[in-house]
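Please walk through this protein from the inside outwards, with the sequence and the coordinates open side by side. The paragraphs below begin with one residue and its contacts, and then move on to the cores, the pockets and some details of the backbone.

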Amino acid sequence: MALDSDGTGSAALARLSEERVDHRFKGLPPDAAGLTVGELAAQRRNLFTGGFTTPVLALSAERLEHNLALMETYSARHGLAFAPHGKTSMAPQLFRRQIEHGAWGITLAVPHQVRVARAFGTERIFLANELVDPAALRWIAAELAQDPSFRFLCYVDSVRGVALMDEALRGSARPVDVVVELAAGEGARTGVRTEAECAAVADAVAAVDTLRLVGVAGYEGEVPRADPERVHAWLRRLVALAVDFDKAGRFAGLDEIVVSAGGSAWFDAVADVFAEIPELSEPVLKLLRSGAYVSHDDGHYRELTPFNRVPEEGALEPAFRLWAQVVSRPSAEQAFANAGKRDAAYDLHLPFAQVVRRDGPERAATGIEVTGLSDQHAWLRTAEGADLEVGDWLGMGLSHPCTSFDKWQLIPVAEADGTVVDYIRTFF
């Protein structure tokens, strides 16, 4: 367990600044090779004049802070505990900032991600997935045994899964906390399909000493043909399941009961329905798990964010921009930039041409559209009169944060004037 003596992971985070800059990290200045990340950050180089090479992905310092603060305020306003999904960034520095902004803990999806978070001192982890791998379960059990302050929860959705977990965990010092996952509907992703089956899974948990049932959870983003009415209806099913389990005495002996949901598209519905949770036998931890907010985006989540429905609550700001250089202008209608599938998310939308830089000032990328990506090229369609030349820097917005972070191991954080003030390390 790679924690400090105080359990915070601060030393592990500090060691990130001691890593040497070299060929592993795309876009960084070649003349910075051999410097530590901390030394390079202290130089406060400018993204556009400080020797950075294209393509280079940058995070906006101001927008990142805005998004962190906004969701902290939103969660507090609605009485929600917040465990943002760490799979979005897999960046322990951002995990720390999220916790500093009031997060209860971090949500993750697979055992490797849990190991990363633990290596950097994360004390509360919600695994929003089933876990039946015996090696991973034994590692979790060892973490729980070594660190009394470590809190870990994960999904269960089958009697068979409970049996596999129990077999792997026999002899463990502490039981593993689990929540029954209610499926979002027929044909949805994981989760128990009916309330009767939920009860059978809960009975299986109660029959073993290695697990402890602490609540219910699910993911409303998988509701078929999702709209406000359907999502609210499913969330009320989830709450009703918690109420029924409590009436049946399934949560006896707990200090709190966990009810959890919430991706990045329907957290307003979660806030609405979780406000309706009646008084149960113990206090309820109303746990929201939205993750994409930290960087937001210029496509998928710009369209889906609940703040579009509740603008009075605020607005997230896209914090990513991918900078590429125009390397070819073969015709008046076409150009090519040197960023492609290896650099940009493309699973939901292609990048969006936003601004052009030439000799300093930025201007809108009027008449420029990204029409395709090769491995290392962006295909650009240029309308008549579009002002674009070989050598120009093209700033592009991205869609889907989860597949933007994972293409970059070290991401500059730049202020509005281009001054790079930090570097975010990712672990995918």
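Contact here means heavy atoms within 4.5 Å. With that in mind, and remembering that this is a predicted model, one may begin with Asp268, which is found in helix α10, residues 267-274. Leaving aside its neighbours within four places in sequence, Asp268 is in contact with Tyr74, Pro306 and Arg309. Asp268 counts as buried because its relative accessibility is 10%, the limit for that class being under 20% relative accessible area.

From this single residue we can turn to the nonpolar interior. The largest nonpolar core has 126 residues, and those with the most contacts inside it are Phe152, Val176 and Phe274. Helix α9, which spans residues 228-247, gives nine residues to this core, the largest share. Apart from this core lies another, of 19 residues, which includes Leu28, Val37, Ala41 and Leu410. The surroundings of Val176 can be listed in full: not counting residues up to four places away in sequence, Val176 touches Ile140, Leu144, Phe152, Cys154, Met165, Leu169, Thr210, Leu211 and Arg212.

The pockets come next. The largest pocket has a volume of about 610 Å³, and its lining is made up of 31 residues, of which His85, Lys87, Arg189, Tyr219 and Gly263 lie nearest the centre. Sorted by class, this lining has 14 nonpolar, eleven polar and six charged residues. Strand β4 (124-130) and helix α11 (300-304) each supply at least two residues of the lining, and the largest share, three residues, comes from α11.

Strand β4 also holds Asn129, which counts as partly exposed because its relative accessibility is 25%. Not counting residues up to four places away in sequence, Asn129 touches Ala109, Val110, Cys154 and Tyr155. The C-alpha atoms of Asn129 and Glu303 are separated by 26 Å, and the two residues are 174 residues apart along the chain.

In the second largest pocket lies about 360 Å³ of space. This pocket is lined by 20 residues, and Ser60, Ala319, Arg321, Trp323 and Glu362 are those that lie nearest its centre. Its lining has ten nonpolar, three polar and seven charged residues, and β1 (56-60), α3 (61-77) and β10 (320-331) each supply at least two of the lining residues.

Two of the residues nearest the centre of the second largest pocket, Trp323 and Glu362, appear again among the contacts of Arg357, which, not counting residues up to four places away in sequence, touches Phe48, Trp323, Glu362, Asp392 and Trp393. Arg357 has its place in strand β12, residues 352-357, and it counts as buried because its relative accessibility is 17%. What does the side chain of Arg357 reach at 2.7 Å? The partner is the backbone oxygen of Gly360, while a polar contact at 3.5 Å joins the side chain of Arg357 to the side chain of Glu362.

Loops offer further points to inspect. Val208 is found in the loop between α8 (195-206) and β7 (211-217), and it is buried, as its relative accessible area is 16%. Leaving aside its neighbours within four places in sequence, Val208 is in contact with Val162 and Asp166. Val208 and His296 are 42 Å apart in space, C-alpha to C-alpha, and 88 residues apart in sequence.

The last stop is the backbone itself. Most residues other than glycine have a negative phi, and most peptide bonds are trans. Against that background, the peptide bond from Thr54 to Pro55 is cis, with omega near 0°, and Pro55 lies in the loop between α2 (37-42) and β1. Met90, although it is not a glycine, has a positive phi of about 45°, and its place is in the loop between β2 (81-82) and α4 (92-100). Arg225 likewise has a positive phi, near 50°, in a residue other than glycine, and it lies in the loop between β7 and α9. Are these two residues buried or exposed? Met90 counts as buried because its relative accessibility is 1%, whereas Arg225 is exposed, with a relative accessible area of 63%.

How values were computed: Residues numbered from 1 in each chain as written. Predicted model: local features only at pLDDT ≥ 70, side-chain atom pairs only at ≥ 80, totals over all residues. Heavy atoms only, no water. Core = buried A, V, L, I, M, F, W, Y, C linked by side-chain atoms within 4.5 Å. Buried < 20%, exposed > 50% of the residue type's maximum accessible area, 1.4 Å probe, protein only. Helix = DSSP H or I, 4+ residues; strand = E, 2+ residues; numbered from the N terminus. 1 Å grid on protein atoms, 1.4 Å probe; cavity = no way out; pocket = protein on both sides within 12 Å on 5 of 7 lines; lining within 4 Å. Points joined across faces, edges and corners; volume = space filled by probe spheres on them. Nonpolar A, V, L, I, M, F, W, Y, C, P; charged D, E, K, R; others polar. Polar contact = N/O pair within 3.5 Å; in protein donor to acceptor, adjacent residues only side chain to side chain.
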